Amino acid sequence: MADAFDWGLLEPAGEAGAIASDDRILDAMVEVERAHLGAWSSLLGVETTSTLDVGTLDRVSLLRESRRAGVPIVGLAQALRQQGGTLVHQGMTSQDVMDTALMLVSRDALTTARADLVAAGRSFAALAREHRGTPFAVRTLTQEAETTTLGAVIGGWLDVISSALETVDAVAFPLQLGAPSATAVRSHGFPASRTPSRYSGDGCRQRWV
């Protein structure tokens, strides 16, 4: 396995970024290829025995091929075809896999961030109730203003948390399938409900909500 060159020395919160690490992105790319292979299997009525095991991939070889081709998908598709046959990656582009995989990683990262926001919101709500009668001096342009309560100030912080949650909840994570010969994939098997949304061009995309 290739050595990690960024382990958080200059980033105190670096460990939190593991959710978007190279390993997680590789997992997501294989997840996309696995779902696509399953769709071909269903479409053609051909049983697929391979589950496309990310654990057996040679990461050193993947890194070498990625540097040679300029994108990681070329070497990945070749390696996965040794497990799942010629239908692997059939009808997709490197950009399809990369973009969709990054959407899956982004979805997971925002799910984690949302949980942190909810936890912070609950803490703020409890503190606001606890200090709803605690006097708190405020200032405006260095001058003393009318006294408020610490609970009211914390309530303002809670409003910011609520706005952030609304923004996160409004984010959609599109699946890209824009191959030259439009291949409509109806059953990807990702763990999310979906509402189809068509775009211009020869390809098609579906929006996963």
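These legends describe close-up views of one predicted model.

**View 1. Overall layout of the chain.** The chain holds 5 helices and 7 strands. Along the sequence, the elements follow the pattern α-α-α-α-β-β-β-β-α-β-β-β. The chain has 209 residues, and 31% of them are buried. Take the contacts in the chain with a separation of 6 or more: 62% of these join residues 24 or more positions apart.

**View 2. Helix H1 from end to end.** Helix H1 covers residues 22–44. Its 23 residues, at 1.5 Å a residue, should span 33 Å. The end C-alpha atoms of H1 are 33 Å apart, so the expected span and the model agree. Just after H1 comes Gly45, with a positive phi of about 70 degrees.

**View 3. The crossing of helices H1 and H4.** Two packed helices are described by the angle between their axes and the distance between the axes. Here the partners are H1 (residues 22–44) and H4 (residues 94–130). Their axes come within 8 Å and cross at roughly 120 degrees. That angle makes H1 oblique to H4, because 65 to 115 degrees would count as roughly perpendicular and over 145 as roughly antiparallel. The crossing of H1 and H4 is right-handed.

**View 4. Side chains where H1 meets H4.** From H1, the contributing residues are Arg24, Ile25, Ala28, Met29, Glu31, Val32 and Glu33. From H4, they are Val97, Met98, Thr100, Ala101, Leu102, Leu104, Val105 and Asp108. By class, this contact has 10 nonpolar, 1 polar and 4 charged residues. An α-helix has 3.6 residues a turn, so residues three or four places apart point the same way.

**View 5. Ala28 in helix H1.** Ala28 sits in H1. Is Ala28 buried or exposed? Its relative accessible area is 0%, so Ala28 is buried. Beyond its neighbours within four places in sequence, Ala28 is in contact with Ala101, Leu104 and Val105. These three residues are among those that H4 brings to its meeting with H1. Val97 also belongs to the H4 side of that meeting. The C-alpha atoms of Ala28 and Val97 are separated by 8.9 Å, while the two residues are 69 apart along the chain.

**View 6. Leu52 in the loop after H1.** Leu52 lies in the loop between H1 and helix H2 (59–69). Leu52 is not a glycine, yet its phi is positive, at about 55 degrees. With a relative accessible area of 0%, Leu52 is buried.

**View 7. His89 in the loop before H4.** The loop between helix H3 (73–84) and H4 contains His89. Like Leu52, His89 has a positive phi without being a glycine. The value for His89 is about 70 degrees. Its relative accessibility is 11%, and the cut-off for buried is under 20%, so His89 counts as buried. Which residues does His89 contact, leaving aside its neighbours within four places in sequence? They are Glu33, His36, Ile73, Ala77, Arg81, Ser94 and Val97. Two of these, Glu33 and Val97, also take part in the meeting of H1 with H4.

Notes: Residues numbered from 1 in each chain as written. Predicted model: local features only at pLDDT ≥ 70, side-chain atom pairs only at ≥ 80, totals over all residues. Heavy atoms only, no water. Axes fitted to C-alpha atoms, helices over the stretch in contact; angles between N-to-C directions. Helix = DSSP H or I, 4+ residues; strand = E, 2+ residues; numbered from the N terminus. Parallel < 35°, antiparallel > 145°, perpendicular 65-115°, else oblique. Left-handed = near helix turned anticlockwise from the far one by under 90°. Contact = heavy atoms within 4.5 Å. Nonpolar A, V, L, I, M, F, W, Y, C, P; charged D, E, K, R; others polar. Expected span 1.5 Å × (residues − 1). Buried < 20%, exposed > 50% of the residue type's maximum accessible area, 1.4 Å probe, protein only.
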